[in-house]
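Here are my notes on the model, set out as numbered points. Please read them with the coordinates open.

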Amino acid sequence: MTEQKMLRVGVIGVGRIGKIHAQNLANAVPGSQVTAVADPLYDEACKLSEALRIPFVSADYHEVINHPDVDAVAICSSTNTHASMMIEAARAGKHIFCEKPIAYDLAKIDEALDVVEKAGVLLQIGFNRRFDPNFKHVREMVAAGKIGEPHIVRITSRDPAPPPIDYIKVSGGIFFDMTIHDFDMARYLIGSDVEEIYAAGGVLVDSKIGEAGDIDTAVVTLRYKNGAIGTIDNSRKAVYGYDQRVEVFGSGGMLMVQNETPNRAIYSNGEGVQAAKPLYFFLERYAQSFIDEMKDFVDCIHEGTTPPVTGIDGRIPVVMAMAAAKSVKEHRPVKLSEVG
Ligand SMILES: NC(=O)c1ccc[n+]([C@@H]2O[C@H](COP(=O)([O-])OP(=O)(O)OC[C@H]3O[C@@H](n4cnc5c(N)ncnc54)[C@H](O)[C@@H]3O)[C@@H](O)[C@H]2O)c1
């Protein structure tokens, strides 16, 4: 590939996810290079710039957005910064990859999506699980009618350990931070939207999570527009590791995805039968999906096609999160139309 065909990406935020995206763009995604990076934690940004030979580094994200050697930005900073960065990047004519969720507030999301649309830049939201080879296969099989009419969707999504309380306090709550991926999966797997949500929540893992105003355990019931019914169950702590399973049941069959493990060996002895625990957390479990989502983003920009996870795909799970939070608070089913 010639130098002219390289997409020059500026990475904003070099925390857990920013580092992954920068590494993938620099080393695993053909047709892209990282030309600039910014984080107010300047030393962290410098370390990454050194490791990946990124030529421009700053503590100020404005300098990345407005850098002449940046064609696209990857917004990987804390959620409360996403919408304003999207607006500024769009106005500067830069294509945008933005981590989920776009924002906690629909007015901010709508303003940002409006500016993006008017600017004519391409936008992809970081719902990486759609790119997991297993879940993608389920979607393709469902779309091909292999299980007939989908009737029941079951998503289990449990973290191995809760994040620090300081993170919980700014996370927007479990539905916006964690379940948001499951809300996206729920739509993606059967290609239908949800119209009503009924959620129950509890504080069963750590009372400090409750004191911070959040819940750590939830079961969400989804009623789809096409008549199907779904459930999502979440916990902030599964002692056996990152539990990520999916099942779609329909009139003509069932599709199921079990956990990924470091090996498939089953060990049997006089005590019992043992298998390996699931891969520890999202960086391990979804490593390939983080590469594949960026490949699609970069390809879409090179080819001028619409990215596979659009701004509206970013907005709807936020509405679902709002409905779930309202449902827990008011102990009743909530229609998505009530919240946005
Ligand atoms: N797709 C996924 O699976 C996934 C996984 C983790 C996080 N995320 C999302 O990615 C975002 C970041 O999460 P994280 O876990 O990497 O958080 P993190 O706290 O590890 O990193 C966030 C980084 O953003 C930086 N930052 C804050 N304000 C900034 C600004 N104005 N300009 C530039 N950098 C700034 C912080 O200094 C920090 O280094 C969140 O929105 C989160 O929801 C997505």
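The points below take up one helix, then the empty spaces, then three single residues.

1. **Status of the model.** This is a predicted model. Local features are reported only where pLDDT is at least 70. Side-chain atom pairs face a stricter limit, pLDDT 80 or more.

2. **Length of H5.** Helix H5 covers residues 106-119, which is 14 residues. At 1.5 Å a residue, a span of 20 Å is expected. The C-alpha atoms at the two ends are 20 Å apart, so the model agrees with the expected value.

3. **Ends of H5.** Asp 105 caps the N-terminal end. One of its side-chain oxygens lies 2.9 Å from the backbone nitrogen of Ala 107. After the helix comes Gly 120. The phi of Gly 120 is positive, near 75°.

4. **Buried side of H5.** Which residues of H5 are buried? They are Leu 106, Ile 109, Ala 112, Leu 113, Val 115 and Val 116. The elements that cover them include two strands, S5 (95-98) and S6 (123-125). Helices H4 (82-91), H13 (311-330) and H14 (336-339) are also among the covering elements.

5. **Asp 110.** Asp 110 lies in H5 too, but is absent from the buried set. Its relative accessibility is 32%, so Asp 110 counts as partly exposed, the class between the 20% and 50% cut-offs. Asp 110 and Ala 83 are 27 residues apart in sequence. In space their C-alpha atoms are 9.2 Å apart.

6. **Second largest pocket.** H5 returns here. This pocket holds about 240 Å³ of space. Its lining has 13 residues, and Leu 113, Val 116, Glu 117, Leu 123 and Gly 311 lie nearest its centre. Of these, Leu 113 and Val 116 also belong to the buried residues of H5. H5 and H13 each supply at least two lining residues. The largest share, 5 residues, comes from H5. By class the lining divides into 7 nonpolar, 3 polar and 3 charged residues.

7. **Largest pocket.** Its volume is about 1,200 Å³. It is lined by 49 residues, of which Arg 16, Ile 17, Ser 77, Ser 78 and Tyr 167 are the closest to its centre. Helices H1 (16-27), H4 and H7 (165-170) each contribute at least two residues to the lining. H1 gives the most, with 4 residues. The class counts are 25 nonpolar, 13 polar and 11 charged.

8. **Cavity.** How many cavities of 30 Å³ or more are there? The count comes to 1. The largest cavity has a volume of about 40 Å³. Its lining is made of Arg 129, Phe 135, Ile 155, Thr 156, Asp 182, Met 185, Gln 244, Arg 245, Val 246 and Tyr 286. Strand S7 (150-158), helix H9 (179-190) and strand S11 (243-250) each supply at least two of these residues. S11 gives the most, with 3 residues. The lining splits into 5 nonpolar, 2 polar and 3 charged residues.

9. **Ser 327.** Ser 327 is found in helix H13. Is Ser 327 buried or exposed? Its relative accessible area is 0%, under the 20% cut-off, so Ser 327 is buried. A polar atom of its side chain lies 2.7 Å from the backbone oxygen of Arg 332. Beyond four places in sequence, Ser 327 touches Ile 197, Tyr 198, Ala 199, Arg 332, Pro 333 and Val 334. Arg 332 therefore appears both as a polar partner and as a contact of Ser 327.

10. **Val 11.** Val 11 sits in strand S1 (residues 7-12). Val 11 is buried, because its relative accessible area is 0%. Leaving aside neighbours within four places in sequence, Val 11 is in contact with Gly 18, Ala 22, Leu 25, Val 34, Ala 36, Val 37, Ala 38, Val 64, Ala 74 and Cys 76. Val 11 and His 95 are 84 residues apart in sequence. Their C-alpha atoms are 12 Å apart in space.

Definitions and conventions:
Residues numbered from 1 in each chain as written. Heavy atoms only, no water. Expected span 1.5 Å × (residues − 1). Buried < 20%, exposed > 50% of the residue type's maximum accessible area, 1.4 Å probe, protein only. Contact = heavy atoms within 4.5 Å. Polar contact = N/O pair within 3.5 Å; in protein donor to acceptor, adjacent residues only side chain to side chain. 1 Å grid on protein atoms, 1.4 Å probe; cavity = no way out; pocket = protein on both sides within 12 Å on 5 of 7 lines; lining within 4 Å. Points joined across faces, edges and corners; volume = space filled by probe spheres on them. Nonpolar A, V, L, I, M, F, W, Y, C, P; charged D, E, K, R; others polar.
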